[in-house]
Amino acid sequence: PDILANLAAAGNRRPRLVIGFAAETGTDLVKMAAEKLARKKCDWILANDVSGGQIFGEDMTSITLLRHDAKEPVLWLRQSKENVAARLVEAITTFLKTA
């Protein structure tokens, strides 16, 4: 089953914010992540390039955040996965306070 799509389409049981992750390979990370955002009907997608196996098993990553309510993706430059998690929690908290 497609957990992300099912969660995003849960009707009146749908969470206020549905976030997906896209581990992508290839040359157009943003395009592929934007297509997934639309196809899955989630609110946000955090995408990263996993070409060549980087990211897995490492402590550092770069993330591109795409939001259905924003015109442009936001790049979170290479940083610790702990920092990425903290930024994500902060972004979620801000969103939920203002939504």
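Visitor: Which way do β1 and β2 pair, parallel or antiparallel?

Guide: As a general idea, strands of a sheet pair through backbone hydrogen bonds, and the sense is either parallel or antiparallel. Here, in what is a predicted model, β1 and β2 run in the parallel sense, with six bridges between them. For a spot to look at, find Glu 24, which stands opposite Asp 49 in β2.

Visitor: And what is the strand order of the whole sheet?

Guide: Read it as β1-β2-β3-β4: an open sheet of four strands, with mixed pairing. β1 (19–24) and β4 (74–80) are the edge strands; each has a single partner, so one side of each has no neighbour in the sheet. As you step from one strand to the next, the twist averages 25°.

Visitor: Which helices should I look at against that sheet?

Guide: Take α2 to begin with. That helix lies across β1, β2 and β3 (60–67), and runs at about 150° to β2. Then there's α3, residues 81–98, which packs on the sheet and touches β1, β2, β3 and β4. The direction of α3 makes about 140° with that of β4.

Visitor: Let's go inside. How many residues does the largest nonpolar core have?

Guide: The general idea is that in soluble globular proteins, nonpolar side chains tend to be buried together. In this model the largest such core has 11 residues, including Leu 4, Ala 8, Val 18, Leu 29, Ile 45 and Leu 66. The elements giving two or more residues to this core are α1 (3–8), α2 (29–40) and β2 (44–49). With three residues, α2 gives the most. Apart from this core lies another, of 10 residues, with Trp 44, Leu 46, Leu 88 and Ala 91 among them.

Visitor: Pick one core residue for me. What is Ala 8 in contact with, leaving aside its neighbours within four places in sequence?

Guide: Ala 8 is in contact with Arg 14, Val 18, Lys 40, Lys 41 and Cys 42. Of those, Val 18 and Cys 42 belong to the largest core, as Ala 8 does.

Visitor: Now the charges. How many salt bridges does a search of the whole structure find?

Guide: Five. When you read one, check where the partners sit in the sequence and how exposed they are. Take Lys 40 and Asp 2, whose side chains meet at 2.4 Å, N to O. Lys 40 is in helix α2 and Asp 2 in the segment before α1, so this pair ties together parts 38 residues apart in sequence.

Visitor: Is Lys 40 buried or exposed?

Guide: Buried: its relative accessible area is 15%, and the cut-off for that label is under 20%. Its partner Asp 2 is partly exposed, at 30%.

Visitor: Where do Glu 35 and Lys 31 lie?

Guide: Both are in helix α2, four residues apart, which is about one turn of the helix. Their side chains form a salt bridge at 3.9 Å, N to O. Glu 35 counts as partly exposed at 39% relative accessibility, and so does Lys 31 at 48%.

Visitor: Got another one to try?

Guide: Sure, go to Asp 69 and Arg 67, where the side chains meet in a salt bridge at 2.9 Å, N to O. Asp 69 is partly exposed, with a relative accessible area of 42%. Arg 67 is partly exposed too, at 26%.

Terms used. Residues are numbered from 1 along each chain as its sequence is written. This is a predicted model: local features need pLDDT of at least 70, side-chain atom pairs count only at pLDDT 80 or more; totals for chains, interfaces and linings use all residues. Side-chain values use heavy atoms; hydrogens and water are left out. A nonpolar core is a set of buried Ala, Val, Leu, Ile, Met, Phe, Trp, Tyr and Cys residues joined through side-chain atoms within 4.5 Å. Buried means under 20% relative accessible area, exposed over 50%, partly exposed in between (1.4 Å probe, protein chains only). Contact means heavy atoms within 4.5 Å. A salt bridge is a side-chain nitrogen of Lys or Arg within 4 Å of a carboxyl oxygen of Asp or Glu. Two strands pair if DSSP finds at least two bridges between them. Axes are lines fitted to C-alpha atoms, for helices over the stretch in contact, and angles run from 0 to 180 degrees between N-to-C directions.
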